[in-house]
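Thanks for sharing this one. I have set down a few notes below, to be read alongside the model.

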Amino acid sequence: MMEIIDKTKKLLGVSLAGAAALPLLVSCGEEKEQKPMNILFIMCDDHSYQTISAYDTTFIRTPNIDRIAADGVRFTNSFVANSISGPSRACMLTGKHSLANGFTDNSSSFDGSQQTFPKLLQQQGYETAVIGKWHLTSEPTGFNHWDILIGQGDYYNPTFICNGEKVQREGYATNVTTDLALDWLDNGRDANKPFCLLLHHKAPHRTWMPDTCDFDLFADSNFPLPDTFYDNYEGRLAAQGQKMSISKDMDIVYDLKMADKDSTIHSRPDLEAWGRRMYSNMNPEQKRAWDAHYDVVIEKFKAAGLSGEALDAWKYQQYMRDYLRVITSVDRNVGRVLDYLEEKGLMENTLIVYTSDQGFYMGEHGWFDKRWMYEESFRTPLLARLPGGVKGDIPAMVQNIDYAPTFLELAGVEVPGDIHGASFLPLLRGEEWNPGREGIYYHYYEYPDEHAVKRHLGVRTERYKLIHFYEDNVWELYDLENDKNELCNIYGKEGMEEITETLKAKLVTLQKQYGEEQFIAK
Ligand code: SGN
Ligand code: CA
(Lines give C-alpha, C1' and ligand atoms only; values in the text may rest on other atoms or scores of the structure.)
(Ligands and ions follow the chains in the order given, each with its own letter.)
Protein backbone atom coordinates (compact mmCIF):
# COMPACT_ATOMS: atom_id res chain seq x y z
CA MET A 1 0.00 0.00 0.00
CA MET A 2 2.88 2.43 0.72
CA GLU A 3 3.68 2.67 -2.93
CA ILE A 4 0.19 3.89 -3.76
CA ILE A 5 0.15 6.49 -1.02
CA ASP A 6 3.47 7.95 -2.14
CA LYS A 7 2.32 8.20 -5.72
CA THR A 8 -0.86 9.93 -4.63
CA LYS A 9 1.00 12.55 -2.63
CA LYS A 10 3.22 13.27 -5.57
CA LEU A 11 0.17 13.79 -7.73
CA LEU A 12 -1.54 16.03 -5.21
CA GLY A 13 1.53 18.25 -5.05
CA VAL A 14 1.03 19.08 -8.70
CA SER A 15 -2.72 19.35 -8.94
CA LEU A 16 -3.36 21.54 -5.92
CA ALA A 17 -1.48 24.41 -7.47
CA GLY A 18 -4.41 25.00 -9.79
CA ALA A 19 -7.13 24.93 -7.12
CA ALA A 20 -10.08 27.04 -8.23
CA ALA A 21 -13.16 28.54 -6.64
CA LEU A 22 -14.58 27.04 -3.47
CA PRO A 23 -17.55 24.70 -3.93
CA LEU A 24 -21.04 25.37 -2.73
CA LEU A 25 -21.26 25.34 1.03
CA VAL A 26 -24.16 23.61 2.69
CA SER A 27 -25.47 24.70 6.03
CA CYS A 28 -25.68 22.10 8.77
CA GLY A 29 -27.88 22.64 11.80
CA GLU A 30 -28.87 25.63 13.93
CA GLU A 31 -25.44 27.19 14.29
CA LYS A 32 -25.25 27.42 10.47
CA GLU A 33 -21.87 25.76 10.32
CA GLN A 34 -20.91 25.62 6.65
CA LYS A 35 -19.49 22.45 5.19
CA PRO A 36 -18.88 21.56 1.55
CA MET A 37 -20.67 18.48 0.27
CA ASN A 38 -18.55 15.50 -0.74
CA ILE A 39 -19.70 12.97 -3.33
CA LEU A 40 -19.21 9.23 -3.01
CA PHE A 41 -20.41 7.52 -6.16
CA ILE A 42 -20.38 3.74 -5.71
CA MET A 43 -21.12 1.66 -8.76
CA CYS A 44 -21.02 -2.06 -9.31
CA ASP A 45 -20.84 -3.72 -12.67
CA ASP A 46 -23.94 -5.70 -13.63
CA HIS A 47 -25.60 -5.50 -10.21
CA SER A 48 -29.28 -6.30 -10.69
CA TYR A 49 -31.90 -4.54 -8.55
CA GLN A 50 -33.39 -8.02 -8.02
CA THR A 51 -30.40 -8.81 -5.81
CA ILE A 52 -30.52 -5.77 -3.53
CA SER A 53 -32.85 -6.37 -0.62
CA ALA A 54 -33.88 -2.71 -0.54
CA TYR A 55 -35.60 -3.59 -3.84
CA ASP A 56 -36.33 -7.28 -3.63
CA THR A 57 -35.88 -9.88 -0.90
CA THR A 58 -36.39 -12.96 -3.10
CA PHE A 59 -32.73 -13.91 -3.36
CA ILE A 60 -30.49 -12.19 -0.87
CA ARG A 61 -30.18 -9.76 2.02
CA THR A 62 -27.81 -6.84 1.44
CA PRO A 63 -27.91 -5.08 4.81
CA ASN A 64 -25.11 -2.64 4.04
CA ILE A 65 -26.32 -1.44 0.67
CA ASP A 66 -29.74 -1.16 2.27
CA ARG A 67 -28.30 1.25 4.87
CA ILE A 68 -28.00 3.84 2.09
CA ALA A 69 -31.69 3.45 1.25
CA ALA A 70 -32.79 3.34 4.88
CA ASP A 71 -31.17 6.71 5.53
CA GLY A 72 -32.00 8.13 2.14
CA VAL A 73 -34.02 7.34 -0.93
CA ARG A 74 -34.73 4.45 -3.23
CA PHE A 75 -35.48 5.38 -6.83
CA THR A 76 -38.13 2.96 -8.06
CA ASN A 77 -37.96 4.02 -11.72
CA SER A 78 -34.29 4.42 -12.55
CA PHE A 79 -33.10 3.70 -16.10
CA VAL A 80 -29.97 3.69 -18.23
CA ALA A 81 -29.50 5.25 -21.67
CA ASN A 82 -27.62 2.31 -23.21
CA SER A 83 -27.50 -0.93 -21.24
CA ILE A 84 -23.85 -1.87 -21.45
CA SER A 85 -20.75 -0.96 -19.49
CA GLY A 86 -18.54 1.50 -21.40
CA PRO A 87 -21.44 3.40 -22.97
CA SER A 88 -23.28 3.61 -19.67
CA ARG A 89 -20.18 4.98 -17.92
CA ALA A 90 -19.67 7.53 -20.71
CA CYS A 91 -23.30 8.66 -20.32
CA MET A 92 -22.75 9.13 -16.60
CA LEU A 93 -19.50 11.05 -16.97
CA THR A 94 -20.85 13.42 -19.61
CA GLY A 95 -24.56 13.59 -18.82
CA LYS A 96 -25.13 12.99 -22.53
CA HIS A 97 -26.55 10.17 -24.62
CA SER A 98 -24.11 7.86 -26.42
CA LEU A 99 -24.09 9.42 -29.88
CA ALA A 100 -23.27 12.84 -28.42
CA ASN A 101 -20.50 11.56 -26.13
CA GLY A 102 -19.06 9.36 -28.88
CA PHE A 103 -18.90 6.11 -26.90
CA THR A 104 -21.64 4.04 -28.46
CA ASP A 105 -20.44 0.48 -27.78
CA ASN A 106 -17.75 -1.36 -25.83
CA SER A 107 -15.33 -1.20 -28.75
CA SER A 108 -15.27 2.63 -28.61
CA SER A 109 -12.56 4.70 -26.98
CA PHE A 110 -13.65 7.59 -24.77
CA ASP A 111 -12.60 11.03 -25.97
CA GLY A 112 -11.13 12.26 -22.71
CA SER A 113 -10.78 15.82 -23.98
CA GLN A 114 -14.53 16.36 -23.73
CA GLN A 115 -16.46 17.91 -20.86
CA THR A 116 -17.16 15.59 -17.93
CA PHE A 117 -18.53 16.16 -14.46
CA PRO A 118 -15.24 15.23 -12.69
CA LYS A 119 -13.45 17.94 -14.73
CA LEU A 120 -16.03 20.56 -13.82
CA LEU A 121 -15.91 19.54 -10.16
CA GLN A 122 -12.12 19.77 -10.23
CA GLN A 123 -12.36 23.31 -11.58
CA GLN A 124 -14.68 24.06 -8.69
CA GLY A 125 -11.99 23.01 -6.22
CA TYR A 126 -12.92 19.37 -5.68
CA GLU A 127 -10.42 16.54 -5.27
CA THR A 128 -11.53 13.85 -7.69
CA ALA A 129 -10.63 10.17 -7.92
CA VAL A 130 -11.74 7.06 -9.76
CA ILE A 131 -10.85 3.69 -8.29
CA GLY A 132 -11.77 0.29 -9.77
CA LYS A 133 -13.42 -0.49 -13.08
CA TRP A 134 -13.15 2.21 -15.75
CA HIS A 135 -13.61 0.36 -19.07
CA LEU A 136 -13.38 3.43 -21.29
CA THR A 137 -10.09 2.43 -22.99
CA SER A 138 -8.46 5.87 -22.95
CA GLU A 139 -6.76 7.10 -19.75
CA PRO A 140 -9.01 8.88 -17.27
CA THR A 141 -9.00 12.69 -17.42
CA GLY A 142 -10.36 15.08 -14.82
CA PHE A 143 -9.12 13.06 -11.85
CA ASN A 144 -6.50 14.03 -9.28
CA HIS A 145 -6.02 10.35 -8.70
CA TRP A 146 -6.93 7.27 -10.72
CA ASP A 147 -6.30 3.65 -10.00
CA ILE A 148 -8.18 1.54 -12.50
CA LEU A 149 -8.49 -2.08 -13.52
CA ILE A 150 -7.39 -2.99 -17.02
CA GLY A 151 -10.49 -3.62 -19.14
CA GLN A 152 -12.85 -5.85 -17.18
CA GLY A 153 -10.14 -6.60 -14.59
CA ASP A 154 -9.55 -9.89 -12.80
CA TYR A 155 -11.33 -11.12 -9.69
CA TYR A 156 -8.12 -12.52 -8.21
CA ASN A 157 -4.85 -10.59 -7.82
CA PRO A 158 -5.88 -7.99 -10.39
CA THR A 159 -3.55 -5.60 -12.18
CA PHE A 160 -4.43 -1.92 -11.87
CA ILE A 161 -3.09 1.12 -13.63
CA CYS A 162 -2.34 3.63 -10.93
CA ASN A 163 -1.89 7.12 -12.37
CA GLY A 164 -0.28 5.60 -15.45
CA GLU A 165 1.75 2.80 -13.86
CA LYS A 166 0.82 -0.88 -13.82
CA VAL A 167 0.61 -2.45 -10.36
CA GLN A 168 -0.54 -6.00 -9.63
CA ARG A 169 -2.17 -6.36 -6.23
CA GLU A 170 -2.66 -9.53 -4.28
CA GLY A 171 -6.17 -10.30 -3.11
CA TYR A 172 -9.78 -10.37 -4.22
CA ALA A 173 -10.83 -7.48 -6.47
CA THR A 174 -13.73 -6.16 -4.37
CA ASN A 175 -11.61 -6.12 -1.20
CA VAL A 176 -8.58 -4.62 -2.94
CA THR A 177 -10.65 -1.91 -4.65
CA THR A 178 -12.22 -0.99 -1.31
CA ASP A 179 -8.80 -0.92 0.38
CA LEU A 180 -7.57 1.49 -2.27
CA ALA A 181 -10.60 3.73 -1.86
CA LEU A 182 -10.26 3.86 1.93
CA ASP A 183 -6.56 4.51 1.57
CA TRP A 184 -7.22 7.45 -0.71
CA LEU A 185 -9.86 8.85 1.60
CA ASP A 186 -7.52 8.48 4.56
CA ASN A 187 -4.13 9.40 3.14
CA GLY A 188 -4.37 10.35 -0.49
CA ARG A 189 -6.61 13.38 -0.70
CA ASP A 190 -6.30 16.91 0.57
CA ALA A 191 -8.67 16.88 3.53
CA ASN A 192 -9.20 20.64 3.22
CA LYS A 193 -11.03 20.20 -0.04
CA PRO A 194 -14.32 18.47 -0.78
CA PHE A 195 -13.93 15.16 -2.58
CA CYS A 196 -15.68 13.30 -5.33
CA LEU A 197 -14.78 9.63 -5.31
CA LEU A 198 -15.95 7.21 -7.99
CA LEU A 199 -15.65 3.79 -6.35
CA HIS A 200 -16.46 1.41 -9.17
CA HIS A 201 -16.30 -2.32 -8.56
CA LYS A 202 -15.80 -4.89 -11.30
CA ALA A 203 -18.03 -7.28 -9.36
CA PRO A 204 -20.44 -8.92 -10.06
CA HIS A 205 -19.51 -9.13 -13.77
CA ARG A 206 -19.29 -12.46 -15.56
CA THR A 207 -17.84 -15.00 -14.65
CA TRP A 208 -19.06 -14.31 -11.11
CA MET A 209 -16.01 -15.63 -9.25
CA PRO A 210 -16.63 -15.49 -5.47
CA ASP A 211 -14.15 -14.60 -2.75
CA THR A 212 -12.71 -17.69 -1.01
CA CYS A 213 -14.50 -16.83 2.25
CA ASP A 214 -17.91 -16.92 0.54
CA PHE A 215 -17.85 -20.32 -1.18
CA ASP A 216 -20.07 -22.00 1.40
CA LEU A 217 -22.88 -19.46 1.15
CA PHE A 218 -26.16 -20.40 -0.55
CA ALA A 219 -24.93 -24.00 -0.97
CA ASP A 220 -28.32 -25.35 0.17
CA SER A 221 -30.47 -22.65 -1.37
CA ASN A 222 -32.83 -23.55 -4.13
CA PHE A 223 -34.00 -20.64 -6.19
CA PRO A 224 -37.26 -21.02 -8.09
CA LEU A 225 -36.94 -20.54 -11.83
CA PRO A 226 -38.46 -17.21 -12.90
CA ASP A 227 -41.95 -17.48 -14.45
CA THR A 228 -40.56 -16.40 -17.83
CA PHE A 229 -37.57 -18.79 -17.82
CA TYR A 230 -39.04 -20.81 -20.69
CA ASP A 231 -40.21 -17.79 -22.67
CA ASN A 232 -40.67 -18.72 -26.36
CA TYR A 233 -40.23 -15.09 -27.54
CA GLU A 234 -43.40 -15.21 -29.61
CA GLY A 235 -43.99 -11.90 -31.38
CA ARG A 236 -40.48 -10.70 -30.52
CA LEU A 237 -38.21 -11.34 -33.46
CA ALA A 238 -35.00 -9.90 -32.02
CA ALA A 239 -35.33 -11.92 -28.82
CA GLN A 240 -35.57 -15.07 -30.91
CA GLY A 241 -32.04 -14.50 -32.23
CA GLN A 242 -30.19 -13.64 -29.01
CA LYS A 243 -27.34 -15.63 -27.50
CA MET A 244 -27.68 -15.05 -23.78
CA SER A 245 -29.72 -18.03 -22.81
CA ILE A 246 -28.81 -19.83 -19.59
CA SER A 247 -29.92 -23.06 -21.17
CA LYS A 248 -28.08 -22.69 -24.50
CA ASP A 249 -25.29 -20.15 -24.08
CA MET A 250 -24.17 -20.25 -20.45
CA ASP A 251 -21.03 -22.38 -20.51
CA ILE A 252 -20.60 -25.28 -18.09
CA VAL A 253 -16.82 -24.95 -17.80
CA TYR A 254 -16.36 -21.22 -18.27
CA ASP A 255 -19.38 -19.68 -16.55
CA LEU A 256 -20.19 -22.48 -14.15
CA LYS A 257 -16.62 -23.51 -13.34
CA MET A 258 -16.79 -27.25 -14.04
CA ALA A 259 -13.12 -27.41 -15.10
CA ASP A 260 -12.52 -30.95 -13.92
CA LYS A 261 -8.93 -32.07 -13.43
CA ASP A 262 -9.19 -35.08 -15.74
CA SER A 263 -10.79 -32.98 -18.50
CA THR A 264 -13.74 -35.22 -19.19
CA ILE A 265 -16.25 -32.35 -19.15
CA HIS A 266 -16.34 -30.47 -22.43
CA SER A 267 -18.12 -27.34 -23.55
CA ARG A 268 -17.77 -24.74 -26.32
CA PRO A 269 -14.05 -25.13 -27.16
CA ASP A 270 -13.02 -21.45 -26.87
CA LEU A 271 -14.95 -20.96 -23.65
CA GLU A 272 -13.77 -24.25 -22.22
CA ALA A 273 -10.17 -23.18 -22.88
CA TRP A 274 -10.82 -19.86 -21.14
CA GLY A 275 -12.52 -21.68 -18.30
CA ARG A 276 -9.56 -23.95 -17.75
CA ARG A 277 -7.21 -20.92 -17.68
CA MET A 278 -9.38 -18.78 -15.44
CA TYR A 279 -7.52 -19.68 -12.28
CA SER A 280 -4.01 -19.15 -13.63
CA ASN A 281 -3.24 -16.03 -11.65
CA MET A 282 -4.48 -17.31 -8.30
CA ASN A 283 -1.91 -17.89 -5.59
CA PRO A 284 -1.57 -21.42 -4.12
CA GLU A 285 -3.75 -20.63 -1.12
CA GLN A 286 -6.56 -19.19 -3.24
CA LYS A 287 -6.32 -22.14 -5.62
CA ARG A 288 -6.52 -24.63 -2.72
CA ALA A 289 -9.68 -22.96 -1.40
CA TRP A 290 -11.14 -22.82 -4.92
CA ASP A 291 -10.48 -26.51 -5.57
CA ALA A 292 -11.74 -27.54 -2.14
CA HIS A 293 -15.07 -26.00 -3.08
CA TYR A 294 -15.51 -26.61 -6.80
CA ASP A 295 -14.01 -30.12 -6.95
CA VAL A 296 -16.84 -31.33 -4.74
CA VAL A 297 -19.45 -29.60 -6.91
CA ILE A 298 -17.81 -31.04 -10.03
CA GLU A 299 -17.94 -34.61 -8.70
CA LYS A 300 -21.61 -34.28 -7.77
CA PHE A 301 -22.37 -32.77 -11.15
CA LYS A 302 -20.66 -35.62 -12.97
CA ALA A 303 -22.43 -38.24 -10.90
CA ALA A 304 -25.85 -36.68 -11.56
CA GLY A 305 -25.55 -37.00 -15.37
CA LEU A 306 -28.14 -34.29 -15.94
CA SER A 307 -29.78 -33.31 -19.20
CA GLY A 308 -32.76 -31.31 -20.47
CA GLU A 309 -34.74 -29.30 -17.95
CA ALA A 310 -32.88 -30.87 -15.02
CA LEU A 311 -29.63 -29.55 -16.46
CA ASP A 312 -31.19 -26.09 -16.99
CA ALA A 313 -32.33 -26.04 -13.37
CA TRP A 314 -28.86 -27.04 -12.16
CA LYS A 315 -27.25 -24.32 -14.28
CA TYR A 316 -29.62 -21.75 -12.87
CA GLN A 317 -28.81 -22.70 -9.27
CA GLN A 318 -25.09 -22.70 -9.94
CA TYR A 319 -25.28 -19.28 -11.64
CA MET A 320 -27.37 -17.76 -8.87
CA ARG A 321 -25.23 -19.16 -6.07
CA ASP A 322 -22.00 -17.74 -7.49
CA TYR A 323 -23.59 -14.42 -8.43
CA LEU A 324 -25.03 -14.02 -4.93
CA ARG A 325 -21.72 -14.96 -3.29
CA VAL A 326 -20.09 -12.17 -5.28
CA ILE A 327 -22.83 -9.77 -4.16
CA THR A 328 -22.26 -10.77 -0.54
CA SER A 329 -18.68 -9.56 -0.86
CA VAL A 330 -19.82 -6.31 -2.49
CA ASP A 331 -22.26 -5.71 0.33
CA ARG A 332 -19.65 -6.43 3.00
CA ASN A 333 -17.27 -3.96 1.35
CA VAL A 334 -19.94 -1.28 1.03
CA GLY A 335 -20.37 -1.75 4.79
CA ARG A 336 -16.67 -1.09 5.33
CA VAL A 337 -16.91 2.18 3.44
CA LEU A 338 -20.03 3.33 5.29
CA ASP A 339 -18.40 2.45 8.63
CA TYR A 340 -15.38 4.48 7.63
CA LEU A 341 -17.50 7.53 6.77
CA GLU A 342 -19.30 7.20 10.08
CA GLU A 343 -16.09 6.90 12.07
CA LYS A 344 -14.60 9.94 10.38
CA GLY A 345 -17.70 12.08 10.75
CA LEU A 346 -18.11 12.31 6.98
CA MET A 347 -21.73 11.14 6.85
CA GLU A 348 -23.05 14.62 7.53
CA ASN A 349 -21.49 16.17 4.46
CA THR A 350 -21.30 13.39 1.89
CA LEU A 351 -23.84 12.50 -0.78
CA ILE A 352 -23.69 8.72 -1.19
CA VAL A 353 -25.00 7.19 -4.38
CA TYR A 354 -25.20 3.46 -5.11
CA THR A 355 -25.94 2.23 -8.60
CA SER A 356 -24.93 -0.19 -11.37
CA ASP A 357 -23.91 0.41 -14.98
CA GLN A 358 -27.15 -1.37 -15.96
CA GLY A 359 -29.58 -4.00 -14.81
CA PHE A 360 -29.02 -7.72 -15.31
CA TYR A 361 -31.10 -10.82 -16.00
CA MET A 362 -31.45 -13.29 -13.18
CA GLY A 363 -32.99 -15.89 -15.47
CA GLU A 364 -35.97 -13.79 -16.57
CA HIS A 365 -36.80 -14.71 -20.19
CA GLY A 366 -34.24 -17.51 -19.69
CA TRP A 367 -31.35 -15.04 -19.78
CA PHE A 368 -28.19 -13.76 -18.19
CA ASP A 369 -26.47 -10.53 -19.44
CA LYS A 370 -28.21 -7.21 -20.29
CA ARG A 371 -28.33 -4.90 -23.38
CA TRP A 372 -32.09 -4.91 -24.05
CA MET A 373 -34.53 -2.09 -23.50
CA TYR A 374 -36.69 -4.64 -21.67
CA GLU A 375 -37.20 -3.83 -18.02
CA GLU A 376 -34.61 -6.01 -16.23
CA SER A 377 -31.70 -4.51 -18.18
CA PHE A 378 -33.12 -1.03 -18.89
CA ARG A 379 -33.67 -0.44 -15.20
CA THR A 380 -30.76 0.00 -12.85
CA PRO A 381 -30.68 0.22 -9.06
CA LEU A 382 -30.29 3.73 -7.66
CA LEU A 383 -30.07 4.52 -3.96
CA ALA A 384 -28.97 7.88 -2.60
CA ARG A 385 -28.37 9.35 0.82
CA LEU A 386 -28.20 13.13 0.96
CA PRO A 387 -27.57 14.62 4.40
CA GLY A 388 -30.60 16.74 5.25
CA GLY A 389 -32.46 15.25 2.28
CA VAL A 390 -35.72 13.33 2.15
CA LYS A 391 -36.16 9.63 2.91
CA GLY A 392 -38.32 7.02 1.21
CA ASP A 393 -39.23 6.07 -2.34
CA ILE A 394 -38.91 8.33 -5.35
CA PRO A 395 -41.09 7.12 -8.23
CA ALA A 396 -40.04 9.78 -10.77
CA MET A 397 -38.40 8.36 -13.90
CA VAL A 398 -34.70 9.20 -13.76
CA GLN A 399 -31.87 8.15 -16.06
CA ASN A 400 -28.11 7.77 -15.76
CA ILE A 401 -27.56 10.96 -17.83
CA ASP A 402 -29.04 12.77 -14.80
CA TYR A 403 -26.18 11.90 -12.42
CA ALA A 404 -23.69 14.43 -13.84
CA PRO A 405 -25.99 17.46 -13.55
CA THR A 406 -27.07 16.32 -10.08
CA PHE A 407 -23.48 16.22 -8.84
CA LEU A 408 -22.74 19.57 -10.50
CA GLU A 409 -25.74 21.30 -8.96
CA LEU A 410 -24.85 19.91 -5.56
CA ALA A 411 -21.36 21.36 -5.92
CA GLY A 412 -22.69 24.74 -7.00
CA VAL A 413 -21.48 24.41 -10.58
CA GLU A 414 -23.75 25.85 -13.23
CA VAL A 415 -24.94 22.92 -15.35
CA PRO A 416 -23.72 23.43 -18.95
CA GLY A 417 -26.52 23.79 -21.48
CA ASP A 418 -25.30 20.96 -23.70
CA ILE A 419 -25.87 18.34 -21.00
CA HIS A 420 -28.88 16.14 -21.87
CA GLY A 421 -29.70 15.01 -18.35
CA ALA A 422 -31.57 16.92 -15.65
CA SER A 423 -30.34 17.33 -12.09
CA PHE A 424 -32.53 15.33 -9.71
CA LEU A 425 -31.19 17.19 -6.69
CA PRO A 426 -34.67 18.75 -6.19
CA LEU A 427 -36.05 15.22 -5.73
CA LEU A 428 -33.43 14.44 -3.08
CA ARG A 429 -34.48 17.63 -1.32
CA GLY A 430 -38.18 16.81 -1.55
CA GLU A 431 -38.88 19.55 -4.10
CA GLU A 432 -40.85 19.65 -7.34
CA TRP A 433 -39.05 18.30 -10.39
CA ASN A 434 -39.51 18.77 -14.09
CA PRO A 435 -36.80 17.10 -16.15
CA GLY A 436 -38.11 18.63 -19.38
CA ARG A 437 -38.49 15.49 -21.48
CA GLU A 438 -41.28 13.52 -23.08
CA GLY A 439 -40.17 10.17 -21.71
CA ILE A 440 -37.02 8.14 -21.30
CA TYR A 441 -34.98 7.68 -24.47
CA TYR A 442 -32.88 4.58 -25.07
CA HIS A 443 -30.39 3.57 -27.76
CA TYR A 444 -28.27 0.39 -27.89
CA TYR A 445 -25.67 -0.06 -30.66
CA GLU A 446 -23.54 -3.17 -30.08
CA TYR A 447 -24.43 -5.53 -32.94
CA PRO A 448 -23.02 -7.81 -34.11
CA ASP A 449 -21.46 -8.97 -30.87
CA GLU A 450 -21.17 -11.85 -28.47
CA HIS A 451 -24.81 -11.97 -27.28
CA ALA A 452 -26.39 -11.09 -30.64
CA VAL A 453 -28.72 -8.35 -29.46
CA LYS A 454 -29.85 -6.25 -32.42
CA ARG A 455 -29.43 -2.50 -32.37
CA HIS A 456 -32.50 -0.76 -31.09
CA LEU A 457 -33.84 2.47 -29.73
CA GLY A 458 -37.05 3.54 -28.12
CA VAL A 459 -39.06 5.57 -25.68
CA ARG A 460 -40.62 4.65 -22.36
CA THR A 461 -43.38 6.53 -20.64
CA GLU A 462 -44.89 5.61 -17.29
CA ARG A 463 -47.19 3.10 -18.94
CA TYR A 464 -45.89 2.25 -22.41
CA LYS A 465 -42.70 1.28 -24.15
CA LEU A 466 -42.08 1.58 -27.88
CA ILE A 467 -38.97 -0.09 -29.32
CA HIS A 468 -37.58 0.10 -32.85
CA PHE A 469 -35.10 -2.55 -34.03
CA TYR A 470 -34.19 -0.19 -36.78
CA GLU A 471 -31.82 -2.30 -38.87
CA ASP A 472 -34.66 -4.75 -39.53
CA ASN A 473 -37.37 -2.09 -39.20
CA VAL A 474 -39.17 -4.14 -36.56
CA TRP A 475 -41.26 -2.39 -33.91
CA GLU A 476 -42.42 -3.57 -30.49
CA LEU A 477 -44.95 -1.98 -28.18
CA TYR A 478 -45.70 -2.96 -24.59
CA ASP A 479 -48.37 -1.90 -22.15
CA LEU A 480 -46.42 -2.21 -18.91
CA GLU A 481 -49.52 -1.80 -16.78
CA ASN A 482 -51.10 -4.96 -18.20
CA ASP A 483 -47.99 -6.84 -19.27
CA LYS A 484 -45.17 -6.18 -16.85
CA ASN A 485 -43.05 -9.04 -18.21
CA GLU A 486 -43.25 -7.70 -21.78
CA LEU A 487 -44.43 -10.98 -23.28
CA CYS A 488 -47.08 -9.50 -25.54
CA ASN A 489 -45.92 -7.23 -28.36
CA ILE A 490 -49.02 -5.17 -29.20
CA TYR A 491 -47.45 -3.12 -31.98
CA GLY A 492 -49.83 -3.05 -34.95
CA LYS A 493 -52.68 -4.59 -32.96
CA GLU A 494 -56.16 -3.15 -33.33
CA GLY A 495 -56.85 -0.26 -30.99
CA MET A 496 -53.18 0.61 -30.57
CA GLU A 497 -53.03 3.16 -33.41
CA GLU A 498 -53.45 6.27 -31.31
CA ILE A 499 -50.96 5.38 -28.58
CA THR A 500 -48.47 4.25 -31.23
CA GLU A 501 -48.68 7.61 -32.98
CA THR A 502 -48.32 9.46 -29.70
CA LEU A 503 -45.24 7.43 -28.76
CA LYS A 504 -43.68 7.83 -32.19
CA ALA A 505 -44.11 11.59 -31.91
CA LYS A 506 -42.48 11.55 -28.48
CA LEU A 507 -39.64 9.48 -29.86
CA VAL A 508 -38.98 12.00 -32.64
CA THR A 509 -39.06 14.88 -30.16
CA LEU A 510 -36.46 13.11 -28.02
CA GLN A 511 -34.29 12.26 -31.02
CA LYS A 512 -34.27 15.95 -32.00
CA GLN A 513 -33.57 16.97 -28.41
CA TYR A 514 -30.55 14.65 -28.23
CA GLY A 515 -29.15 15.25 -31.72
CA GLU A 516 -30.14 11.83 -33.06
CA GLU A 517 -32.12 13.05 -36.07
CA GLN A 518 -30.24 10.59 -38.29
CA PHE A 519 -32.07 7.75 -36.52
CA ILE A 520 -35.59 9.11 -36.98
CA ALA A 521 -37.64 6.36 -38.65
CA LYS A 522 -38.60 7.15 -42.23
C1 SGN B 1 -17.73 -9.55 -21.74
C2 SGN B 1 -18.62 -10.72 -21.36
C3 SGN B 1 -20.00 -10.57 -21.93
C4 SGN B 1 -20.56 -9.21 -21.57
C5 SGN B 1 -19.60 -8.13 -22.02
C6 SGN B 1 -20.04 -6.73 -21.72
N7 SGN B 1 -18.04 -11.94 -21.81
O8 SGN B 1 -17.45 -9.55 -23.10
O9 SGN B 1 -20.82 -11.60 -21.45
O10 SGN B 1 -21.81 -9.02 -22.16
O11 SGN B 1 -18.36 -8.34 -21.38
O12 SGN B 1 -20.19 -6.53 -20.35
S13 SGN B 1 -16.80 -12.51 -21.00
O14 SGN B 1 -16.64 -13.89 -21.49
O15 SGN B 1 -15.63 -11.73 -21.28
O16 SGN B 1 -17.12 -12.48 -19.58
S17 SGN B 1 -20.02 -5.09 -19.77
O18 SGN B 1 -20.81 -5.00 -18.56
O19 SGN B 1 -18.62 -4.90 -19.48
O20 SGN B 1 -20.49 -4.20 -20.79
CA1 CA C 1 -21.87 -3.90 -16.93
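1. Along the chain, the donors of the calcium ion (ligand 2) follow the spacing D-D-x310-D-Q. In this predicted model, local features need pLDDT of at least 70 and side-chain atom pairs count only at pLDDT 80 or more, while totals for chains, interfaces and linings use all residues. Side-chain values use heavy atoms, with hydrogens and water left out, residues are numbered from 1 along each chain as its sequence is written, and chains are lettered from A and ligands numbered from 1 in the order in which they are written.

2. Coordination of the calcium ion (ligand 2) comes from Asp-45 (OD), Asp-46 (OD), Asp-357 (OD), Asp-357 (OD) and Gln-358 (OE1), at 2.1 to 2.7 Å. Donors here are N, O and S atoms within 2.8 Å of the metal (3.2 Å for Na, K and Ca), and sites may look incomplete because water is not among the atoms.

3. Why is the arrangement around the calcium ion (ligand 2) called irregular? Its 6 donor atoms subtend angles of 51 to 171 degrees; six donors count as octahedral if opposite ones are over 155 degrees apart and all others between 65 and 115.

4. The site also ties together distant parts of the chain: Asp-46, in the loop between β3 (38-44) and α2 (63-70), and Gln-358, in the loop between β11 (350-356) and α11 (375-378), are 312 residues apart. Helices (H or I, at least four residues) and strands (E, at least two) are DSSP runs, numbered from the N terminus. Asp-46 is buried, with a relative accessible area of 1%, and Gln-358 is buried at 0%. Buried means under 20%, exposed over 50%, and partly exposed in between (1.4 Å probe, protein chains only).

5. Do look at Asn-82, in the loop between β5 (78-79) and α3 (85-94). Asn-82 is buried, at 0% relative accessibility. Leaving aside residues up to four places away in sequence, Asn-82 touches several others, including Pro-87, Thr-104, Tyr-442 and His-443; contact means heavy atoms within 4.5 Å. A polar atom of the Asn-82 side chain lies 3.3 Å from the backbone oxygen of His-443.

6. Now to the open sheet, whose 4 strands run in the order β15-β16-β17-β18 with antiparallel pairing. β15 (440-444) and β18 (474-479) stand at the edges with a single partner strand each, so one side of each has no neighbour in the sheet. Two strands pair if DSSP finds at least two bridges between them; β16 (residues 456-460) and β17 (residues 464-469) are joined by 4 bridges.

Note on methods
A polar contact is a pair of N or O atoms within 3.5 Å; within protein, one must be able to donate a hydrogen and the other to accept it, and residues adjacent in sequence count only if both atoms are side-chain atoms. Four donors count as tetrahedral if all angles lie between 85 and 135 degrees; four count as square planar and six as octahedral if opposite donors are over 155 degrees apart and all others between 65 and 115; anything else is irregular.
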